[in-house]
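Subject: Handover of a structure, with notes

Dear colleague,

Please find below the structure I am handing over to you. My notes on it follow directly after.

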Amino acid sequence: MLNYWNKEIETIGEDSLAALQLKLLKETIKRALETSFYKVRLEKAGITSCDDIRSLGDLNKIPFTTKDDLREAYPRGLLSVPSKDVVRIHTSSGTTGTPTVIYHTKEDIDNWTELVARSIVATGVTDEDVFQNMMSYGLFTGGLGLHYGAERVGATVIPIGGGNTKRQIQLMRDFKTTVIHITPSYALHIYSVFRKQGVELLDLNLKKAFIGAEPHSENTRRKIEELLNIDAYNSYGLSEMNGPGVGFECIHKCGMHIWEDSYIMEIINPVNQEVLDDGEEGEIVFTTLRRNATPILRYRTRDLAFIHEGGCNCGRTHRRISRIKGRTDDMLIVNGVNMFPSQIEEVVMQIPEVGTNYQIQLEKDGALDKLTVKVEIYSKMFTGDIHELDLLKAKIKEDLRASIVIHPIVELHEPGSLPVFEGKAKRVLDLRPNSYKEV
Ligand code: DLL
């Protein structure tokens, strides 16, 4: 049986959706004109009232917003309601400079909660589930965002947050957790701890994981599903658009439905900003449609994906995006060749001997770049047979060369020896001079 949280909106027809988007876009423009940042920005573009937007085609009159714009507007430039109406703020981590801030009214939190509720119901979650939230609480949106949504559905929520793997496992066992919310890198790590501690999957009751907050490959999803014997659903979101609950896979796992009654989605060519058609890969751009306190127009996410053509068997009409290939600023240039860390991950995670962790290191070797891919392999491979390890190394190297064109150095490591991350993983260590990258 198909389950919906809000059937009318989730299965809305194309024309009704367009009409709803236009109505909400006009309201959003009105609110944006209340902010000091957009008032100047929109007036410069000739938009002085919401009546200047007559159709969705007028979207292209609206200038893009970038992360730098949000930083520039920090702390109050994007606030469009009186401070007393704000019930919560979330800020970005700010590791690379001034943070960005998103304000929420009570209604904003309610709307976000509704999106998360819809998302998790689309994976089959019900009020009978026990939901262990392993993403950190606090300013990061992964904790509170899913927490509110899961409570709204009526699931039993265990708000443990990130880290403390031993305690996580104890809670899973004691309370028969059925669903976890976790980064894909931490999901792989949890499995290695299961093995170390002799935890049997049969003693647990795990059925599903929501994995997101960082790029991961289809092979990583498969690995998580096989190792933990669960269904893993890709979950996408970003703090600027509330956080999780922007895009989520349904039971068919064929791309992430983007909630188009709440966000206008465009895909653009990141170089010339031309709007692309469904099926063409480019940068995702979002406009908030239901946010009161911090409206954001045509936000350039820097995330690369494409829109799947055609409908979904679940009946939801909201279009689906592909897995995120990476961010425009994650692209690595190694001896002139462009590549994304996700391409390397896709290759190593499909090799059965490779375990649950890997790292990419870049250095200078004279004038050239040196790329080293370090992978953990299962302990059963360390039998003392050097020849077998050499063969495996050569295989990984050749598979990588076939995908990324250049010859990396491959290092094999014992399980548990590479750095572990309980939040977003930092897979790339770029030690080249003038490089700040630690993605
Ligand atoms: O990571 C929100 C979130 C929390 C999403 C929990 C999913 C689950 P930020 O910290 O602002 O917000 O980071 C947003 O993370 O622009 C993407 O680059 C990346 N990202 C998020 N989800 C995915 C995903 C949260 N499923 C940034 N696949 C985004 C790939 C993802 N990248």
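In these notes a residue is called buried if its relative accessible area is under 20%, exposed if over 50%, and partly exposed in between. Please bear in mind that this is a predicted model.

R316 is a suitable place to begin. With a relative accessible area of 5%, R316 falls under the 20% limit and is therefore buried. R316 belongs to the loop between strand 12 and strand 13 (320-321). Its side chain has two polar partners to report: the backbone oxygen of N3, reached at 2.7 Å, and the side chain of E10, with a polar contact of 2.8 Å. Neighbours within four places in sequence aside, the residues in contact with R316 are N3, Y4, E10, A122, C250, H257 and W259.

A second buried loop residue is T177, whose relative accessible area is 0%. T177 sits in the loop between helix 7 (165-174) and strand 5 (179-182). What surrounds T177? Residues up to four places away in sequence not being counted, T177 touches V130, Q132, I158, L171, M172, N205 and L206.

The ligand site

The shell around the ligand holds 20 residues, of which N234, S235, S239, D303 and K424 come nearest. By class, the shell consists of 8 nonpolar, 8 polar and 4 charged residues. Helix 6 (141-153) and strand 7 (231-238) each contribute at least two residues to this shell, and strand 7 gives the most, with 5 residues.

Three polar approaches to the ligand may be listed:

- D303 places a polar side-chain atom 2.6 Å from an oxygen atom of the ligand.
- N234 has an N or O atom in its side chain 2.8 Å from a nitrogen atom of the ligand.
- A213 has a backbone N or O atom 3.1 Å from a nitrogen atom of the ligand.

How much of the ligand does the protein bury? Taken alone, the ligand exposes 610 Å², and the protein buries 92% of that.

K424, one of the residues that come nearest to the ligand, lies in the loop between strand 19 (409-413) and strand 20 (428-430). K424 counts as partly exposed because its relative accessibility of 46% is between the 20% and 50% limits. The side chain of K424 reaches the backbone oxygen of A213 at 2.8 Å. Beyond residues up to four places away in sequence, K424 touches F140, T183, A213 and E214. K424 and G142 are 282 residues apart in sequence, yet their C-alpha atoms are 11 Å apart in space.

Domains

The domain assignment divides the chain into domain 1 (1-327) and domain 2 (332-430). Taken over C-alpha atoms, the centres of the two domains are separated by 30 Å. Their contact takes 25 residues from domain 1 and 18 residues from domain 2.

Helix 9

Helix 9 (residues 218-228) is mostly covered, with 8 of its 11 residues buried. The buried residues are N219, T220, R221, K223, I224, E225, L227 and L228. Which elements cover them? The cover includes helix 8 (184-197), strand 6 (208-212), strand 7, strand 8 (243-249), helix 10 (341-348) and strand 17 (354-365). After helix 9 comes N229, which has a positive phi, near 55°.

Backbone geometry

Most residues other than glycine have a negative phi, and most peptide bonds are trans. Against that background, the following places may merit your attention.

N164 has a positive phi, near 55°. N164 is located in the loop between strand 4 (156-158) and helix 7 and is partly exposed, at 47% relative accessibility. R302 also has a positive phi, near 75°. R302 is part of strand 12 (residues 299-305), and at 24% relative accessibility R302 counts as partly exposed. Finally, the peptide bond joining Y74 and P75 is cis, with omega about 0°. P75 lies in the loop between helix 4 (67-72) and strand 1 (86-91).

With kind regards

Conventions
Residues numbered from 1 in each chain as written. Predicted model: local features only at pLDDT ≥ 70, side-chain atom pairs only at ≥ 80, totals over all residues. Heavy atoms only, no water. Near = heavy atom within 4 Å. Polar contact = N/O pair within 3.5 Å; in protein donor to acceptor, adjacent residues only side chain to side chain. Areas by Shrake-Rupley, 256 points an atom, 1.4 Å probe, with all protein chains shown as cover. Helix = DSSP H or I, 4+ residues; strand = E, 2+ residues; numbered from the N terminus. Nonpolar A, V, L, I, M, F, W, Y, C, P; charged D, E, K, R; others polar. Buried < 20%, exposed > 50% of the residue type's maximum accessible area, 1.4 Å probe, protein only. Contact = heavy atoms within 4.5 Å. Domains from an automatic or database assignment.
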